[in-house]
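Biologist: I would like to learn how to read a model like this one, going from the whole fold down to single residues. Could we take it feature by feature?

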Amino acid sequence: MHFAAEYINKTYADFASDYNVLVEANSACARDFSFDQLSVISDPYRETHGFGAEIKYHANRVPECICPPLFDSKDLSLLKAPNPLTSERMLDRVNGVKLFHEKYVKQYSILGWVEGPAASAATLRSVGNFLIDIIDDIPFTEKLMDVCTQTAIDFAKAQITNGADTIGIGDAIASQVSPDIYEKIILPREKQLVDAIHDAGAYVRLHICGNITHLLPGIAELDVDILDVDSMVDLKITRNNVGTKVVIAGNIDPVRNIKMGTPIDIQDHVLKNYNDAGNPFMINAGCEIPAATPHENLKALCKPIAYKAY
């Protein structure tokens, strides 16, 4: 995201507010670094804006939600009804998918993106309020996440209709809850979203930042196609939990190993990760590539190398 924007001499604000810049930036990176998939992710506030939040853009960091719409209220009627085809920031993402499809449908996989039910609810209430709600007011939390889940389904379907073959689900806040809370409250709504995306004809990629080791037994029930794994999660443990049908993507430390490492070290990590994860596997960083990553390091991550036992 930030790396791609700077690669074509644009700001993060340009990247997050104009799908033409996002498409140009990611296309240039795919061409020059040999990526296999084009993505429309930019920040977690597309749906939040559709619900009525004010979003402030910054030149060198992720956009900011000025005030969560439900920060000091639990009145769901205060929320606007997001429409992927009329809400400005949601439509911008749909248009990004459409432009990717028009230009690159036969060349790259196209990854659409939605926020998961917990992540979306957290942007509407604030992270602190959400984490309290999910313990102290489960009925309200469930109602809020149900609204968020339906919005994500509608948003995903709009992107699939316009050319996305895969939909990423970002539900980062889920890594901060217990397995019991996750499996009782969050997982059923993630499952509803996953099933709806599959029914619409697309693959599902799940991304939960942070340590998800304690959630893996539950995640295994989701039937996702691709699971992103952050750098602090053991790939062997992940494989043992999710089985051999799920593509594991990851999980090299994006700062310590990719930004600050060497090309040789990066390729060694790729080989070790492949040995640990086994097939099916996608080479990826644990999370976002930092903006200041040396170009030769990113090329090393994407460079084809001969497999050898580690």
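Biologist: To begin with the surface, how many Å² does the protein expose, and what share of it do carbon and sulfur atoms supply?

Modeller: Bear in mind that this is a predicted model, and that the surface is a computed area which can be divided by atom type. Here the protein exposes about 13500 Å², and 51% of that area is supplied by carbon and sulfur atoms.

Biologist: Which secondary structure elements does the protein have, and how many of each?

Modeller: The protein has 14 helices together with nine strands. Its radius of gyration is 19 Å, close to the 19 Å that the globule rule gives for 310 residues, so the protein is as compact as a globular protein of that length. Along the principal axes, the C-alpha atoms fill a box of roughly 55 × 40 × 35 Å.

Biologist: What percentage of the residues count as buried, and what percentage of the contacts with a separation of 6 or more come from residues 24 or more positions apart?

Modeller: Of the 310 residues, 53% count as buried, while pairs 24 or more positions apart account for 70% of the contacts with a separation of 6 or more.

Biologist: Turning to single residues, is Thr 123 buried or exposed?

Modeller: The label depends on relative accessible area, with buried meaning under 20%. Thr 123, which is found in helix α6 (residues 117-125), has a relative accessible area of 12% and is therefore buried. A polar atom of its side chain lies 2.7 Å from the backbone oxygen of Ser 120, and, not counting residues up to four places away in sequence, Thr 123 touches Pro 44, Tyr 45, Thr 48, Cys 65, Pro 68 and Pro 69.

Biologist: Where is Ala 174 found, and which residues is Ala 174 in contact with, leaving aside its neighbours within four places in sequence?

Modeller: Ala 174 is found in the loop between β5 (166-170) and α9 (179-199), and this loop residue is buried, with a relative accessible area of 0%. Beyond its sequence neighbours within four places, its contacts are Tyr 182, Ile 186, Glu 190, Ile 208 and Leu 215.

Biologist: What separates the C-alpha atoms of Ile 169 and Leu 193, which are 24 residues apart along the chain?

Modeller: Separation along the chain and separation in space are read independently. Ile 169, found in strand β5 and buried with a relative accessible area of 1%, has its C-alpha atom 8.8 Å from that of Leu 193. Leu 193 is also among the contacts of Ile 169, which include Trp 113, Val 194 and His 207.

Terms used. Residues numbered from 1 in each chain as written. Predicted model: local features only at pLDDT ≥ 70, side-chain atom pairs only at ≥ 80, totals over all residues. Heavy atoms only, no water. Helix = DSSP H or I, 4+ residues; strand = E, 2+ residues; numbered from the N terminus. Rg over C-alpha atoms; globule rule 2.2 N^0.38 Å. Buried < 20%, exposed > 50% of the residue type's maximum accessible area, 1.4 Å probe, protein only. Contact = heavy atoms within 4.5 Å. Areas by Shrake-Rupley, 256 points an atom, 1.4 Å probe, with all protein chains shown as cover. Polar contact = N/O pair within 3.5 Å; in protein donor to acceptor, adjacent residues only side chain to side chain.
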